[in-house]
Amino acid sequence: MTDTNRQWRLKRFVQPDEILGEEHYELSESPMPTIDDEQILVKTLLLGTSPAQRMYVTEERTFHIAVEIGEVMSGRGVGVVMESKHPDFEAGEIIQATLGWQDYVALTPDDKSDTGKNVRTVQKVPNPVRPLTTIMGLFGQLAFSAYVGIIEVGQVKEGDVVLVSSAAGGVGSVACQLARIQGASKVVGIAGGQEKCDWLVEQGLCDSAIDYKKPGQDLAAAIGEHCPDGADVYLDNVGGAMLDAALQNIAVGARVVICGMISTEYMNPRPDGPKHYFNLLYKRSRMEGFFVFDYVPRWPEFEEQLREWYSQGKLKLVDDVFDGLPSAPRALGSLFTGGHTGGCVIRVADDPENIPAI
């Protein structure tokens with residue numbers, strides 16, 4: 001360990017019309033944190049990224065975590081316990097927690113405020129394997145969101161036609177694979193750019209893909225061409241016009257699952273709702289949103305199942321790794337510029353050598 005702790009602190013709030021970038025943060029150094037009784041000192045190994053993090057750094061206060069000017073940027077990640085004064089944790093254990101954009105952090109494992117549930121903020125990784133990026137991608141929060149959306153809420157079953165927006169992203173890329181595992185007859189992804197669409201098909205994640213950025217394209221018509229009998233399940237990560245286009249192409253009894261709304265969540269004022277919501281009535285369908293942290297008590301169950309499918313070769317790891325803590329703002333910004341495929345992970349430090357390879 002060094003004597004200093006690098007930290008990305010919020011320099012100014014992001015405005016609704018701005019692209020989130022390095023100019024909103026300041027990289028600083030502070031003394032190495034010390035721990036009190038019932039605390040642990042954790043070294044950050046990996047940091048995840050999520051579109052929700054943009055809401056952390058806006059002046060508008062929502063149900064999301066709020067980061068104030070001068071505070072360390074919030075973000076969940078994977079770390080290794082370096083020192084422990086808590087009876088349930090030992091040095092060398094791998095944990096998941098809200099670590100923040102920094103090299104080291106002192107945590108109080110019994111704090112339950114982060115999840116909003118009667119569940120510890122700090123969670124052990126029971127059987128860590130290298131690469132630890134699997135924890136952030138296939139066996140972590142992004143994959144759990146995909147699991148809830150496809151299996152718990154979407155209830156994908158054999159023969160379903162499944163449509164996934166932001167299919168080349170961290171949640172979408174896993175969701176497409178889970179839809180296949182559940183027996184979907186066809187999986188159609190929506191992504192930005194022909195390169196991403198080709199990648200989705202070449203990786204075997206989707207049967208076909210729609211480039212929503214294609215000039216002059218009627219997105220609703222394009223979805224209709226790929227899903228001529230309608231989509232039985234639509235997992236939405238985008239909202240806005242894309243949700244409206246999908247609603248025009250749902251099958252009878254469809255399940256529209258709201259996982260995110262990256263295209264409209266940061267608009268001020270909020271845009272009007274979808275015009276074609278009446279199709280939910282005509283098609284006797286439902287639209288339901290979910291919050292993955294409501295399922296925290298079941299995360300170990302999800303992880304066990306995902307690991308089993310991975311060991312069987314039914315799931316593949318697709319992630320985009322940014323190296324070094326200094327890359328954190330660029331990594332998060334890539335979620336809003338389309339600059340990555342798969343899960344977007346920041347590698348702050350190398351995996352410990354005593355962890356077995358997967």
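By class, the residues that line the largest cavity of this predicted model comprise 4 nonpolar, 5 polar and 2 charged residues. This cavity encloses about 60 Å³ of space, and a search of the whole structure finds 1 cavity of 30 Å³ or more. Its lining consists of Gly 137, Leu 138, Gly 170, Ser 173, Val 174, Gln 177, Lys 316, Leu 317, Val 318, Asp 319 and Gly 343. Helix α4, which spans residues 170-181, gives the most to this lining, with 4 residues.

From the cavity, attention may pass to the nonpolar interior. As a general rule, nonpolar side chains in soluble globular proteins tend to be buried together. In this model the largest nonpolar core has 45 residues, and those with the most contacts inside it are Ile 150, Val 162, Leu 178, Leu 200, Trp 299 and Leu 306. At least two residues of the core are supplied by each of α3, β8 (161-164), α4, β9 (186-191), α5 (194-202), β11 (231-236) and α9. Helix α3 provides the largest share, 9 residues.

Trp 299, one of the core residues with the most contacts, also leads into the aromatic contacts. A search of the whole structure finds 12 aromatic pairs. One of them joins Phe 144 and Trp 299, whose rings are 5.0 Å apart centre to centre with 45° between the planes, a tilted arrangement. Phe 144 lies in helix α3 (residues 141-153) and Trp 299 in helix α9 (residues 299-311), so this pair ties together parts that are 155 residues apart in sequence. Are the two partners buried or exposed? Phe 144 counts as buried because its relative accessibility is 1%, under the 20% limit for that class. Trp 299 is likewise buried, with a relative accessible area of 3%.

A further pair is formed by Tyr 295 and Phe 302. The ring centres of Tyr 295 and Phe 302 are 6.4 Å apart and their planes stand at 40°, so this pair is tilted. Phe 302 has a relative accessibility of 0% and therefore counts as buried. Phe 144, Tyr 147, Phe 291, Phe 293, Tyr 295, Trp 299, Phe 302 and Trp 309 form one aromatic cluster. Both pairs described above thus have their members in this cluster.

Aromatic rings also take part in another kind of contact, in which a charged side chain lies over a ring face. Lys 124 is placed over the face of Phe 89, at 5.1 Å from the ring centre. In the same manner, Arg 307 lies over the face of Phe 139, at 4.7 Å from the ring centre.

The final part of this account concerns the loop between β7 (123-124) and α2 (133-136), where Pro 126 is found. Pro 126 counts as exposed because its relative accessibility is 58%, and the limit for that class is over 50%. Asn 127 is placed in the loop between β7 and α2 as well. At 53% relative accessibility, Asn 127 also counts as exposed.

Distances from this loop to other parts of the chain complete the picture. The C-alpha atoms of Asn 127 and Trp 299 are 14 Å apart in space, although these residues are separated by 172 residues in sequence. Pro 126 and Val 233, in turn, are 107 residues apart in sequence and 33 Å apart in space, C-alpha to C-alpha.

Technical notes
Residues are numbered from 1 along each chain as its sequence is written. This is a predicted model: local features need pLDDT of at least 70, side-chain atom pairs count only at pLDDT 80 or more; totals for chains, interfaces and linings use all residues. Side-chain values use heavy atoms; hydrogens and water are left out. Rings of Phe, Tyr and Trp (its six-membered ring) pair if their centres lie within 6.5 Å; planes under 30 degrees apart count as stacked, over 60 as edge-to-face and the rest as tilted. Buried means under 20% relative accessible area, exposed over 50%, partly exposed in between (1.4 Å probe, protein chains only). A charge sits over a ring if NZ of Lys or CZ of Arg is within 6 Å of the ring centre and within 35 degrees of the ring normal. On a 1 Å grid over the protein atoms alone, a cavity is a set of points where a 1.4 Å probe fits but cannot get out, and a pocket is an open set with protein on both sides within 12 Å along at least five of seven lines; lining residues have an atom within 4 Å of a point. Grid points are joined across faces, edges and corners, and a volume is the space filled by probe spheres set on the points. Ala, Val, Leu, Ile, Met, Phe, Trp, Tyr, Cys and Pro count as nonpolar, Asp, Glu, Lys and Arg as charged, and the others, Gly among them, as polar. A nonpolar core is a set of buried Ala, Val, Leu, Ile, Met, Phe, Trp, Tyr and Cys residues joined through side-chain atoms within 4.5 Å.
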